[in-house]
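Student: I am new to this structure and would be grateful for a close look at a single part of it. Please take the aromatic rings and explain how they are arranged.

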Amino acid sequence: MKNGSRYKYPPIEEALCEFRFAPDSDWDLTIPGKLQIELGEEFLGTPREQRSLKLGLQMEEGKLSKLHHDDGLLKVQLVTADGKRIIGVGPHVISVHMLRPYQPPDNLENGGWDEFRSRISTALNAYGKVTDAKSVVRVGVRYINKITIPDTNVKIEEYIKCVNPELEGLPESYRSFFGRIDYVYEDKVQLNLSYGLLDSSSTSVECLLDLDAFWQNGASIDCGESINMADNLHERISEAFETIVTDKARRLFDVNGK
């Protein structure tokens with residue numbers, strides 16, 4: 001947010017923070033249940049499973065002899081009753097998710113990063129109580145934004161500075177675009193920026209602005225330091241967001257409710 005402003009209608013579809021722990025910490029399938037109990041009554045929604053599917057081929061004498069697959073558990077998601085707040089837990093990883101609305105439009109004093117950070121701290125502390133995890137090897141913070149422009153005859157670059165789909169010698173009209181830039185800070189923190197045209201209708205255009213910042217340098221930090229790193233990554237994403245969007249876009253987000 002620019003100069004500490006809170007947007008009444010931030011374009012955030014999902015905000016997430018993930019911590020990955022050293023693989024020498026304990027893990028078993030009872031941990032999601034223990035974590036749900038530790039977190040209390042808020043996460044009473046039915047847990048959901050995220051699974052990974054890997055397919056493999058086995059060849060013999062140049063011919064396919066066997067097709068095998070590995071269906072593994074990626075994360076168990078603990079959800080609130082409305083499904084808007086989620087904690088994902090898997091082998092040596094925990095993530096905290098906030099779905100739209102990220103910021104209650106009728107209460108600008110609450111929600112947003114204040115709520116998100118509190119949930120991150122609560123989840124991390126609860127995970128520490130049900131496991132022996134001490135060392136964090138990766139911290140990531142990601143904000144997935146969907147910017148809806150209530151017009152179809154627009155120049156996207158008037159809202160998002162990193163976009164430049166119009167090139168001399170090519171048609172002025174375009175149906176879609178997508179781009180990705182991976183930035184690296186001096187301290188090796190990485191920021192992955194993805195942007196593109198999601199959809200268009202007779203009345204509006206929807207654009208993606210996905211900012212994913214993470215720390216991972218082969219070392220490890222303790223859980224207390226990892227919260228500070230999450231703060232740091234959040235600040236970098238906020239600065240990047242304000243660098244990328246224009247004042248015309250900010251008016252769509254209704255700065256300070258005005």
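Tutor: Rings of Phe, Tyr and Trp, the last represented by its six-membered ring, are taken to pair if their centres lie within 6.5 Å. The model considered here is a predicted one. By that criterion, a search of the whole structure yields seven aromatic pairs. One of them joins phenylalanine 116 and tyrosine 143, whose ring centres are 6.2 Å apart with 90° between the planes, an edge-to-face arrangement. This pair links distant parts of the chain: phenylalanine 116 belongs to helix H2 (residues 112–130) and tyrosine 143 to strand E6 (residues 135–149), 27 residues apart. Phenylalanine 116 and tyrosine 143 are both buried. They also belong to a cluster, in which ring pairs link Tyr102, Trp113, Phe116 and Tyr143.

A further pair involves phenylalanine 241 and phenylalanine 253; the ring centres are 5.8 Å apart and the planes meet at 35°, so this pair is tilted. It, too, links distant parts of the chain, with phenylalanine 241 in helix H3 and phenylalanine 253 in helix H4 (residues 247–253), twelve residues apart. Both of these phenylalanines are buried.

Helix H3, which carries phenylalanine 241, merits a closer description. Its 22 residues (residues 223–244) should span 32 Å at 1.5 Å a residue, and the end C-alpha atoms, 31 Å apart, agree with this. At the N-terminal end of H3, aspartate 222 acts as a cap, with a side-chain oxygen 3.1 Å from the backbone nitrogen of glycine 224.

Conventions
Residues numbered from 1 in each chain as written. Predicted model: local features only at pLDDT ≥ 70, side-chain atom pairs only at ≥ 80, totals over all residues. Heavy atoms only, no water. Helix = DSSP H or I, 4+ residues; strand = E, 2+ residues; numbered from the N terminus. Expected span 1.5 Å × (residues − 1). Polar contact = N/O pair within 3.5 Å; in protein donor to acceptor, adjacent residues only side chain to side chain. Phe/Tyr/Trp six-rings, centres within 6.5 Å; stacked < 30°, edge-to-face > 60°. Buried < 20%, exposed > 50% of the residue type's maximum accessible area, 1.4 Å probe, protein only.
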